[in-house]
Amino acid sequence: MKNTSASGKKRGHLYAFTAILSLCLIIALATLSSFSGAVDEHVAEKEESYSRDDLRRGQRLFKGLVAFESGIHDCSSCHYPSRTDTMNWNPSAHDLAMRWLQEDDYSIREKLAMPVGQRMITDHAGMSVTEREEHLIEAYLMEVARRGPGELRAIPVNAVIFWGLGILMALALVDLLITKKIRFKIFHVMILLVGLMVHMQYAVAESRNLGRTEGYAPDQPIKFSHQVHSGQHDIDCQYCHTISKFSPSAGIPSNNTCLNCHNVIREGSQSGRFEIDKMHRAEASGRPIEWIRIHKLPDHSVFSHAQHVGVGGIECQDCHGPVETMDILRQQEDLSMGWCLSCHRDSEVAFLDNPYYEPFERLHALIRAGELDAVTAAELGGEDCMSCHH
Amino acid sequence: MNKGNTRYWKSIGDLAETRELSISEDAGGEEQRSMMEILADEKNETASSRRDFLKWCGISFFSATVISACENPVKKAIPYLTQPEELTPGMATWYASTYQHGNEYCPVLIKTRDGRPIKIEGNPSSALTGGGSSARVQASVLSLYDDGARYHGPLKHAEAASWETIDREIIGQLRNAAARGEKMALVCPSLLSPSTMALIKAFREAFAGLEVITWDAVSYEAIRQAHKESFGLDLVPCYQFDQAELIVSFSADFLGTWVSPVSHAKQYASTRRISEDKPHMSRHIQFEGTLTLTGANADERVPVKPTQEIRILMALYDAMAEATGNIGLGAGAVDYDVQALAGEILDRKGKSIIVCGHNSKECQMLVNGINAMAGNYGRTLDNSAPLHIGRGDQKSFERFAGKLQRGEYSAVLFYNTNPVYHYHQPEMIREGLEKTALSVSFASTRDETASHCTYIVPDNHYLESWNDALFREGHYSLAQPAIHPLFKTRQFQDSLLRWMDREQDFHHFMKQYWQEQLFPKQDAYPDPASFWTHSLQAGVLDTGLATQAMPAYRSGSVREVAMALQQMLQGEAEMEFSAHPHLAMGDGTHANNPWLQEMPDPISSVTWDNYAALSPASARSLNLREGDIIRINGQGEWPVLVQPGQADGCLSLALGYGRTQAGKAGDGVGSNAFPLSRRMAGQRLLFGPVDSWEKVGDGHRFARTQTHFSMEGRAIVRESTLDKYRMDPSAGNELHAYHEKHALTLYPEDHFDGHHWALMIDLNACTGCSTCVIACQSENNVPVVGKDEVRRRRIMHWMRIDRYYNGEADKPGIVFQPVMCMHCDHAPCENVCPVAATMHSKEGLNQMAYNRCVGTKFCINNCPYKVRRFNWFEYARNEAFDYHMNSDLGRMVLNPDVTVRERGVVEKCSFCVQRIQAAKVTAKNERRRLKDGEVLPACVQSCPAEALVFGDLNDKSSRVAQLIKDPRNYHLLEELHTLPSVGYLTKIRNPE
C-alpha cells in the first residue's frame with residue numbers, strides 16, 4: 001500500500017499502455033480474421049498450371065463480358081460469385097469451385113455436354129465450352145476457391161457511431177486540456193457527456209447480448225430448406241427430428257435419415273441435383289456433413305426437448321419460430337433466461353391429464369375448490385435453478 | 001448434552017485436548033498465510049491494491065465493449081453419417097459387462113454417452129453382488145482414458161513397431177523354440193474367465209514346451225490347499241455371511257479386500273440391518289493386528305499382533321476340539337477367553353462362520369476344523385459352489401523364477417502380472433529377462449515388468465474387450481466392449497489366437513465356447529443364438545449347480561499342523577509387521593488412477609500415501625512420533641502414523657504403493673511393501689518380525705482429510721447396543737425426541753408440493769467402504785486436486801466418510817458416517833448468499849447455481865456440516881492439476897449432464913439432480929407416477945450394503961418415508977433445527 005504514490009503512478013502508465021496495446025491487438029485481430037478465407041488444400045495442388053492471364057480471361061468469360069465460342073453465356077447470372085442474404089438455389093461460383101476441386105474427374109466440359117437432371121438440362125440448353133475455355137474457367141474457379149465464400153457486408157452503423165463519437169470525444173478532451181481553441185467549455189463537456197452516455201448505452205446493450213445470436217442465419221453446407229420440406233411438403237418436424245419427444249436433444253438428422261427419401265428423390269425442383277448430390281457424395285466418401293449450429297444455449301444450462309416437446313406438447317414453432325416458412329433457418333428467439341422464465345411463468349401445464357402430477361395434492365385440492373384455474377410450469381418447479389443449471 | 005451418548009473423538013490430539021482447535025493441528029507454515037499472499041506469491045507480485053482493482057475494472061469495461069462488437073464463434077453440429085441404431089444423441093446407452101482383476105469380480109453396467117463410457121455401475125441382475133460395486137470398480141472407467149500410462153501400440157525395444165512385424169517376429173521365435181524343444185513360459189494370475197483358460201490350454205498344446213505359470217500377487221492358495229487336506233477338494237468355498245449369526249474373523253478383511261468384498265458387504269449388511277420387525281442381528285468378532293475396515297465394523301475387536309492371533313486361533317481350535325471330543329493341538333493358554341467363544345460358536349451350530357485372512361495352509365486348516373466342528377459346512381460355507389479364485393501356485397512360480405534367472409527359458413510371456421513389482425525378489429526376474437531371448441508383456445498400461453521386456457503387445461482395457469468370468473460355480477458373467485480400442489492395442493486373447501494361426505477372433509471363440517459348453521447347462525432359452533444374445537444383454541447367467549454329495553471333513557494329522565504352526569510362531573518378535581492390500585490401491589495395479597489415490601483411507605483418512613501404522617503405545621515405546629520416517633528390514637521407507645486401534649507391537653503397511661513405472665499419478669507414491677513378504681513352508685506370508693528398523697527422517701506431512709471437518713463434542717454419531725435397542729428402539733437416540741419437542745423457529749412451515757427428496761443412511765449397514773465417494777466423483781465430475789491441495793484442506797469430494805473413535809485409545813470403537821449436503825429445509829447457507837446463488841427448490845433440494853456464484857464463501861462459513869467445496873483453482877484445462885481434466889482424452893470421462901465448475905465458485909452435493917430430472921421426464925412422458933426407487937443418486941446406486949436409501953418423503957409408501965419414522969432416525973446437529981433432508985439410523989452393536 002505504501003508504494004502506491006511513487007511507483008503506483010508508474011504502474012498506472014503501464015496499465016494504460018497495456019490497455020491501449022491490447023485494444024490495438026483486438027482490432028488488428030478482428031480485421032485480420034475477416035480476410036482469412038478458406039483455402040482448400042486442393043488449391044495448392046492444382047494452382048501451378050494457371051497463369052494470371054488465364055485467370056483474367058476466365059473471369060471475363062464467366063461474367064459474360066466476352067463470348068464463348070458457342071455464344072455469350074453469363075455464368076455469374078446464376079452462379080453468383082459473391083454471397084447473398086437470400087436463398088439462391090443455384091450453386092454459387094464458390095460451390096462449383098469447391099466441387100471441381102474436391103472431385104478428381106470433374107470436368108466442366110463434360111458436365112455441360114451431358115447435363116443430368118431436368119433443371120440442369122433446361123438451364124444449360126445450347127451451352128458448350130471448348131477445352132481452352134474450360135481451362136480459363138478453371139483458372140477463375142481456382143481464384144474463387146482461394147477467395148472463399150465471401151462475407152456479407154452490411155454497413156456497421158453502430159461501429160461508425162461508436163468510433164466517430166470516440167474520436168470526437170478525444171478531440172474535445174485534447175482541446176479542453178491542451179489546444180484550448182474553443183472558448184466555451186460547455187461544448188467539450190456536452191460532447192464528453194453525450195459521448196459517454198452513448199458509449200455506456202452501447203456497452204450495456206452489447207454486453208447483455210454477448211453470446212446471444214438472435215436472428216443468426218448462417219449459410220449451411222447444403223441448401224436445405226425447411227420451407228420446402230415442412231412448409232411445402234408438410235412433413236412433420238418429428239419425421240426427421242425423431243428423438244425430440246424422448247431425448248434431451250432434438251437431434252440433427254443423420255445423413256441416412258435424409259437418404260431414406262433422397263435415395264429416390266434425386267433432384268430438387270429448385271436446386272436440381274447439385275445439393276442432393278452432396279448427401280450421396282458424403283455417403284460415398286464417409287465424411288459426415290458439417291452443419292453450422294444455430295441454436296446455442298448459454299453455457300451451463302441444460303435444456304430437454306423431451307420435457308418440452310414430449311411432456312409439455314409445445315409446438316416446435318413456439319421457440320424456433322415459423323420454421324416452415326424459412327428457406328434459410330434463422331434463430332427466432334434470443335434464448336435468454338428471461339425468455340425461458342417468462343414462458344415458465346405463463347404457460348399452463350396439462351396438470352389434470354397426466355397421472356404424474358397426482359402427488360401434487362395441495363394444488364389438486366385448490367383446483368377442486370375452484371381457487372385455482374390452472375397450474376403453471378413455475379409452480380411445479382419450473383423456476384428452480386437446478387432444473388436447468390446442474 | 002451427552003445424555004445417553006458415548007464420547008467420540010476423531011484423532012489422538014482430539015482425545016488429549018478436545019478444546020484445541022483442530023485447524024492448527026499439523027498445520028505447517030503455509031497454512032498460516034492468507035490466500036492473498038499465496039496467490040500473490042505465485043505471481044511474484046506484491047499484494048494488489050484497490051487502485052489496481054479499479055484500473056483493471058476500467059480496462060475490462062473497455063475491452064468488453066470492444067469484444068462485444070466481435071462476432072460469435074461459428075460452431076458446427078456434425079450428425080452421424082449413418083446413425084447407429086442403439087445410439088440416441090443426448091441419452092445414455094448401457095452395456096452389461098464384468099470387471100475382473102485377480103480375486104476382484106463385479107458384474108457391471110457401463111453407461112456410455114455418444115459412444116464413450118462415462119460411468120460404471122454394479123449390475124443389479126447379479127445374484128452375487130446385486131448392483132453393488134467397489135471403489136476400484138467405480139474408478140476403473142478413468143483408467144480407460146489414461147493417455148499417459150496406456151500403451152498406444154505395440155513396442156519392440158521400447159520403439160513403436162507395426163503389428164505385422166511384431167506378430168511375424170514373435171510367431172517365428174515361438175515356433176523355433178517349440179521346434180527346438182526349448183522351454184517357454186506364460187505367466188498369468190489366476191483367471192476367472194473359462195474361455196480364456198480354454199484358449200490358454202489350446203495355446204499350450206500348439207506350442208509344445210510352453211509352461212503356464214499361475215501366480216497371484218495376493219494369494220488365496222492356502223485356502224485351496226487347506227481344503228485339499230480337509231476335504232480332498234482343491235477349492236475355495238463360497239462364504240455365505242448372510243447365513244451367519246456369529247462371524248469370527250482372524251485378520252480377514254472380508255468387507256474391504258478379502259476374497260469377494262462386494263458380495264460379502266451385501267451379505268453382511270443383510271445380517272446387520274435391524275428393525276422393530278427384525279430385532280436381531282449378527283455378532284461379529286475380529287482378531288487382527290492392523291485396524292482394517294472389517295475390524296472397524298466388528299462388535300468386538302481384539303487387537304493382537306499376528307503371532308498372538310495365531311495362538312488364539314490355535315487355542316480356539318483346542319477349546320472347540322475339547323468341547324466336541326476331538327483331538328486338540330495342545331497349544332498353550334492365551335490371554336483371551338477362548339472357552340467362552342467356543343461355547344458361543346457351539347451354541348449357534350451351523351450358524352456361525354470363521355474366516356482367516358492369512359495365506360497359511362495350517363491356519364486355514366485350523367479354520368476348516370473349527371468350521372467343521374461348528375457344523376458350518378453346507379450352511380455358511382458352501383463347498384458345492386466353490387469360488388474360482390486363488391489358483392496361483394507359489395512353489396511353481398519360485399521354480400520358474402529360479403530357472404528364469406539361470407537363463408533356462410528361451411521365451412517368457414507375461415499376461416496381467418507384474419512380478420518385478422510384486423515378487424519379493426524382483427532382481428531374479430530382472431536378471432532373468434536379460435538372459436531370455438524372447439520376452440513379451442501383454443500389459444495394457446506401463447508397468448515394471450513390461451519395461452524389462454523386449455516386446456510389449458498391449459492388451460485392451462477391459463471396457464474395450466470381450467471376456468467372460470466364472471467367479472462362483474454356476475454364476476457366469478460376460479464382458480463386452482463398450483468402445484472401440486482407443487489406441488492400436490489388441491486383446492490378449494486375440495494375440496494368442498493370431499499366434500496360433502487361427503482365423504477366429506476371441507469374440508467368436510468365446511461365443512462358440514458359450515454355445516457349446518454353457519448352452520446345454522441352462523433351459524431358459526431354446527436355441528443357442530437367443531441364449532447368446534440374451535446372456536450378453538443380461539451380462540450374467542446362473543446355470544444352477546449340479547446336486548452332489550460333498551466329501552466330509554477329515555481332520556488329518558493334527559500334530560503336523562501343530563508343529564508347522566509352532567515353527568511359524570518362532571518368528572514371534574517384540575515388533576511384527578503386517579502388510580495388507582490397500583482398500584483403494586489393492587495390489588497396486590491401479591496405482592495410476594488419481595481417483596483411487598485421492599480416496600481417503602476410511603480408517604486413517606490419509607490420501608496419496610502409504611505409511612507405517614503404529615499403536616500409540618508402540619510409538620511411545622519406540623520413541624517415534626507421527627511423521628517420523630523409518631526404514632524397515634532394510635527394505636523401504638515409510639512415515640509413521642499413530643493409529644489408535646492398532647495392536648501393540650504390530651506395525652502395519654499397505655500394499656499397492658511404491659510403483660515406479662505406473663504413470664504420472666502413481667509413480668513414487670509411498671513405498672512398496674511386497675519385498676517385505678516372507679516365505680514359509682511354500683507360502684508367501686504377509687506378516688513377520690521386524691528384524692531391524694531405523695529412523696531415517698522426520699517431519700513427513702500426511703495429506704489427510706481428517707482434521708478438516710471436526711464436529712466437536714456433539715452427538716453426531718449415535719450408538720447403542722442390541723439389548724438396549726430391544727428394550728427401547730430409540731435407545732441412544734433420546735436426544736432426537738428432545739430436540740423435536742423443543743424445536744422453535746421463526747421461519748414459516750415448509751411445504752413441498754409433489755416431491756420432497758430425502759436420503760436415509762443406516763449406520764448399521766454402512767461399512768465405510770468408500771465406494772460411494774468414488775461413485776459420486778465419477779458421476780459429478782469432481783476434480784482431483786493432488787496431495788498438496790489435500791494438505792491445504794481443499795479436497796473437492798462432495799461426500800466424505802467421517803470416522804469417529806470412542807472409548808480408549810488402545811481399543812477404540814469405530815463408527816463411520818457418510819456425510820454429504822444435508823439439503824436442509826432451513827438451510828443456513830441460503831440466508832447468507834449475497835447473490836442468491838444457493839436457494840431452496842420446490843422439491844426440497846438445496847440448489848447451487850454455479851453461474852451465479854461469485855465465490856464469497858459465506859455459505860461455506862455458515863454451513864454447520866462443512867459439505868461445501870470451493871474451487872480455489874480452475875481444475876479443468878490446468879496443467880497444475882494434470883489428473884484427468886487436462887487432456888482431451890481424459891476429459892472424455894466427464895459426465896455431460898453435470899457442469900464442470902469454474903474457478904471461484906462453490907459446489908456441493910446436489911442429490912444427483914441430473915438423475916432426478918431425467919427420471920421425472922421419463923415418468924411424465926410415460927404418463928405415470930414416479931415409482932419409489934426409480935431415482936438413484938450415484939452414492940445410493942453404488943452402495944454394496946444398501947445402506948443408503950433415497951426417495952420421496954411425500955410418497956408415504958416409499959421406503960425413505962418409512963425409515964424417517966423409525967425410532968432410530970436422527971439428523972446431524974438437529975439441535976440447530978436446520979431440518980436436514982438426510983437422516984441417519986443409529987448404530988447398534990451386538991456386544992452380547
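**Close-up views of the predicted model**

**View 1. A partly exposed histidine with positive phi in chain B.** Because His977(B) has 18 C-beta neighbours inside 10 Å, this residue counts as partly exposed. The model shown here and in the other views is predicted. His977(B) sits in the loop that connects β42 (969–970) with β43 (982–985) of chain B. Its phi is near 55 degrees, a positive value although the residue is not glycine.

**View 2. The four-stranded open sheet of chain B.** Strands β41, β34, β43 and β42 of chain B form an open sheet in the order β41-β34-β43-β42, and the pairing is mixed. The edges are formed by β41 (948–952) and β42 of chain B, each of which pairs on one side only. Strands of a sheet pair through backbone hydrogen bonds, either parallel or antiparallel. In the case of β42(B) and β43(B), the strands run antiparallel and are joined by two bridges. Tyr970(B) has Tyr984(B), in β43(B), as its bridge partner.

**View 3. A second loop residue with positive phi, Asn633(B).** Phi of Asn633(B) is near 50 degrees, again a positive value outside glycine. The residue belongs to the loop between β25 (629–632) and β26 (637–642) of chain B. Asn633(B) counts as partly exposed because 15 C-beta neighbours lie inside 10 Å.

**View 4. The buried and exposed faces of helix α11 in chain B.** Helix α11 spans residues 338–347 of chain B, and its buried residues include Val338(B), Leu341(B), Ala342(B) and Ile345(B). These four cover an arc of only 100 degrees around the axis, so they lie on the same side of α11(B). The buried residues of α11(B) are covered by elements including β11 (246–250), α10 (306–324) and β14 (352–356) of chain B. On the face turned away from the buried side, α11(B) carries the exposed residues Ala340(B) and Asp347(B).

**View 5. Nonpolar cores of the model.** The largest nonpolar core has 271 residues, and the members that touch the most others are Leu316(B), Ala612(B), Ile761(B) and Leu948(B). Helix α10(B) supplies the largest share of this core, nine residues. Leaving aside residues up to four places away in sequence, Leu948(B) touches Leu759(B), Ile761(B), Cys772(B), Cys939(B), Val940(B) and Cys943(B). A second core, separate from the largest one, has 17 residues, among them Cys75(A), Leu96(A), Val129(A) and Tyr140(A).

Methods:
Residues numbered from 1 in each chain as written. Chains lettered and ligands numbered in written order. Predicted model: local features only at pLDDT ≥ 70, side-chain atom pairs only at ≥ 80, totals over all residues. Buried ≥ 20, exposed ≤ 12 C-beta atoms within 10 Å, placed from the backbone. Arc of directions from axis to C-beta. Contact = placed C-beta atoms within 7 Å. Core = buried A, V, L, I, M, F, W, Y, C linked by C-beta atoms within 7 Å. Pairing = 2+ DSSP bridges.
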